[in-house]
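Dear colleague,

I am passing on the structure we spoke about, with the sequence alongside, and would be glad if you could open both before reading my notes.

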Amino acid sequence: MTDSRTPPPQVWPTLHATDARALIRFLVDAFGFEETVVHGEGDVVHHCELSWPPGGGIMLGSVRDDPDSPWRLPPGTFGAYVVADDIDGLHKRAAAAGAEIVREPFTTDYGSRDFTARDPEGNLWQFGTYRGEARRPATGTP
């Protein structure tokens, strides 16, 4: 039986961090992600889910020293585009929280209002109002 509170299948961008607990605090304080769950012990985070208020979210954890892991993601190599409504307000919040602003708010040639920031681990975040194009009708194949 499926829990009715469990979200439908979706894409979860995932990243690793040298100091995952500090990155979690930063992403919540600077960008407005919401902490959904954090599993770990002490400074080590095994699994964390941060929800993005308009929908979706990310997963993250502490970098692992496991050369056999197929899931080796070096800290600071992640980048994401995140849809938001109040770009100028979010930019001010991120800057006040110490985010490195890589590109100040600007308007794209397709009408999106965007800005780009870097978190303390070195990951790039572009926030914008562009929600993507309308989906094409399903063809019956994945």
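How many residues lie between strand 2 and strand 3 in the hairpin that they form, and which residue in the turn has a positive phi? Please bear in mind throughout that this is a predicted model. The hairpin has two residues between its strands, and the one with the positive phi is Gly 42, at about 60°. Strand 2 covers residues 34-41 and strand 3 covers residues 44-51, and the two run antiparallel, joined by seven bridges; in one of these pairings, Gly 40 has Val 45 of strand 3 as its bridge partner.

Ahead of that hairpin in the sequence comes helix 1, residues 20-31, whose length can be checked with simple arithmetic: at 1.5 Å a residue its 12 residues should span 16 Å, and its end C-alpha atoms are indeed 16 Å apart, so the two values agree. Its buried residues are Ala 20, Leu 23, Ile 24, Phe 26, Leu 27, Ala 30 and Phe 31, and because they cover an arc of only 165° around the axis, they fall on the same side of the helix. In general, an α-helix has 3.6 residues a turn, so residues three or four places apart point the same way. On the other side of helix 1, Arg 25 and Asp 29 are exposed, and just after the helix Gly 32 takes a positive phi of about 95°.

A second hairpin is made by strand 7 and strand 8, with five residues between the strands, and here Gly 122 takes a positive phi near 105°. Strand 7 (residues 113-118) pairs with strand 8 in the antiparallel sense over five bridges, with Phe 115 facing Phe 127 of strand 8 as its bridge partner. Strand 8, residues 124-128, is also joined to strand 5, this time in parallel, by five bridges, and among these pairings Tyr 81 has Gln 126 in strand 8 as its partner.

Tyr 81 comes up again in the largest pocket, which has a volume of about 280 Å³. Its lining counts 15 residues, and those that lie nearest its centre are Trp 52, Gly 55, Gly 56, Gly 57 and Tyr 81. Two elements, strand 4 (57-62) and strand 5 (79-83), give two or more residues to this lining, and strand 5 supplies the largest share, four residues. By character, the lining divides into 11 nonpolar residues, four polar and no charged.

With best wishes

Technical notes:
Residues numbered from 1 in each chain as written. Predicted model: local features only at pLDDT ≥ 70, side-chain atom pairs only at ≥ 80, totals over all residues. Heavy atoms only, no water. 1 Å grid on protein atoms, 1.4 Å probe; cavity = no way out; pocket = protein on both sides within 12 Å on 5 of 7 lines; lining within 4 Å. Points joined across faces, edges and corners; volume = space filled by probe spheres on them. Nonpolar A, V, L, I, M, F, W, Y, C, P; charged D, E, K, R; others polar. Expected span 1.5 Å × (residues − 1). Buried < 20%, exposed > 50% of the residue type's maximum accessible area, 1.4 Å probe, protein only. Arc of directions from axis to C-beta. Pairing = 2+ DSSP bridges.
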